[in-house]
Amino acid sequence: MKTAVSRRTALGLGAAAVASAFLPLEVWAASPKRRVVVWSEGTAPKNVYPNDINGAIADALKKSLPDWEVVTASINDPDQGVSEESLNMTDVLMWWGHKRHRDVKDEVVEAVFKRVNEGGMGFISLHSSHFAKPYKRLMGTACTWSEYKADGTSVSITVKEPDHPICKGVKDFQLPLIERYGEPFAVPEPEAVPLDGVYTKPDGTKAPGRMGLCWTIGKGRVFYFTPGHETYDDFFRPEVKLIMANAVKWAAGTDRQERSTSR
Ligand code: ZN
């Protein structure tokens with residue numbers, strides 16, 4: 001694990017390096033990097049996402065969150081990429097799934113739920129992960145949209161709550177293609193909807209669709225982001241990359257006084 005290595009490295013560097021960091025060694029060693037795990041199931045088309053969706057998002061996060069440990073995980077990894085040990089070191093778990101929701105084991109779902117609810121880990125659910133088992137467990141509702149149409153619809157995404165941390169630096173933007181998820185969305189009333197949207201269907205008619213929704217579940221924060229269909233390049237777009245980085249920081253509770261997660 002990278003954090004452990006960097007801690008060992010820190011111990012080996014000795015007093016000079018520590019002094020140059022202006023931090024007593026104990027403080028430094030006791031404050032490991034925050035950790036985000038980006039999870040996906042390896043089913044995105046390779047011509048759009050050569051390293052799957054988790055790889056694309058992780059590459060962007062490594063650049064925008066240099067002081068974070070950014071890890072990718074997949075359903076194909078041991079323990080489906082989310083062992084209890086890993087969860088206990090993780091501040092935020094970001095999840096993209098579509099075709100393999102049913103393969104996710106119930107014990108994984110319970111471990112994620114517990115880590116959010118009791119441990120304060122943040123959880124970010126992307127696009128078709130509205131039906132991901134851990135997200136449904138957190139919401140406790142059906143999490144259905146009224147329709148799902150990848151028919152050439154575009155979307156205009158608006159910053160609805162400019163002061164919300166997830167909107168920091170984000171301006172209104174368009175996605176030329178989006179899979180249209182029709183309202184209503186069967187989830188609990190969100191505490192915030194920082195990003196809203198209006199779809200334009202191929203025939204020119206408009207329809208509303210919320211694009212970014214926030215909840216607090218127990219001790220943890222949960223964010224859902226509507227775009228991210230696997231045949232579109234959303235996660236390579238600068239606006240989406242910025243939202244992902246902001247969402248990670250918000251979900252970790254970096255705007256709170258104390259560190260949100262227990263270790
Ligand atoms: Zn989709």
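**Helix α3, helix α7 and a few residues around them**

I will start with helix α3. Helix α3 covers residues 52-64, which makes 13 residues. From its first C-alpha to its last it reaches 19 Å, close to the 18 Å expected at 1.5 Å a residue. Please keep in mind that this is a predicted model.

Now the chain as a whole. The protein chain has 263 residues, and 43% of them count as buried. It contains 7 helices and 12 strands. Taking the contacts with a separation of 6 or more, 72% are between residues 24 or more positions apart.

Back to α3. Which of its residues are buried? They are D52, I53, N54, A56, I57, A58, A60 and L61. And what covers them? The cover includes three strands, β1 (34-40), β2 (68-74) and β3 (92-96), along with helix α7 (238-252).

That brings me to α7. Helix α7 has 15 residues, which at 1.5 Å a residue should span 21 Å, and its end C-alpha atoms are indeed 21 Å apart. Is α7 mostly covered or mostly open? Mostly covered: 11 of the 15 residues are buried. The buried ones are V240, I243, M244, A245, N246, A247, V248, K249, W250, A251 and A252. These pack against β1, α3 and β3, and also against β4 (122-126) and β12 (220-225). So β1 and β3 appear in the surroundings of α7 and also in the cover of α3. After α7 comes G253, which has a positive phi near 75 degrees.

Next, how the two helices meet. Two packed helices are described by the angle between their axes and by the distance between the axes. For α3 and α7, the axes come within 10 Å and cross at roughly 70 degrees. An angle from 65 to 115 degrees counts as roughly perpendicular, and therefore α3 and α7 are roughly perpendicular to each other. The crossing of α3 and α7 is right-handed. Which residues make the contact? On the α3 side they are I57, A60, L61 and S64, and on the α7 side K241, M244, A245 and V248. By type, the residues of this contact divide into 6 nonpolar, 1 polar and 1 charged. I57, A60 and L61 are also among the buried residues of α3, and M244, A245 and V248 are among the buried residues of α7.

Now some backbone points. Most residues other than glycine have a negative phi, and most peptide bonds are trans. Here are three places to look at with that in mind.

- D52 is in helix α3, and its phi is positive, near 60 degrees, although D52 is not a glycine. D52 is buried, with 22 other C-beta atoms within 10 Å.
- Q80 is not a glycine either, and its phi is positive at about 55 degrees. Q80 sits in the loop between β2 and α4 (84-88). Q80 is buried, with 20 other C-beta atoms within 10 Å; 20 or more is what the label requires.
- E183 and P184 are joined by a cis peptide bond, with omega at about 5 degrees. P184 is in the loop between β8 (180-181) and β9 (192-200).

Last, two buried residues in other helices.

Where is V112? V112 is in helix α5, residues 106-117. Because V112 has 27 C-beta neighbours inside 10 Å, it counts as buried. Setting aside residues up to four places away in sequence, V112 touches V82, L87, L93, F123 and P134. L93 falls in β3, residues 92-96, and F123 falls in β4, residues 122-126. V112 and L138 are 26 residues apart in sequence, while their C-alpha atoms are 9.0 Å apart.

Y135 lies in helix α6, residues 133-139. Y135 is buried as well, with 24 other C-beta atoms within 10 Å. Beyond its neighbours within four places in sequence, Y135 is in contact with W95, S125, S129, H130 and C143. Y135 and Y224 are 89 residues apart in sequence, and 8.9 Å apart in space from C-alpha to C-alpha. Y224 falls within β12, residues 220-225, one of the strands that the buried residues of α7 pack against.

To recap, α3 and α7 cross at roughly 70 degrees, with a right-handed crossing. That is all I have.

Terms used. Residues numbered from 1 in each chain as written. Predicted model: local features only at pLDDT ≥ 70, side-chain atom pairs only at ≥ 80, totals over all residues. Helix = DSSP H or I, 4+ residues; strand = E, 2+ residues; numbered from the N terminus. Expected span 1.5 Å × (residues − 1). Buried ≥ 20, exposed ≤ 12 C-beta atoms within 10 Å, placed from the backbone. Contact = placed C-beta atoms within 7 Å. Axes fitted to C-alpha atoms, helices over the stretch in contact; angles between N-to-C directions. Parallel < 35°, antiparallel > 145°, perpendicular 65-115°, else oblique. Left-handed = near helix turned anticlockwise from the far one by under 90°. Nonpolar A, V, L, I, M, F, W, Y, C, P; charged D, E, K, R; others polar.
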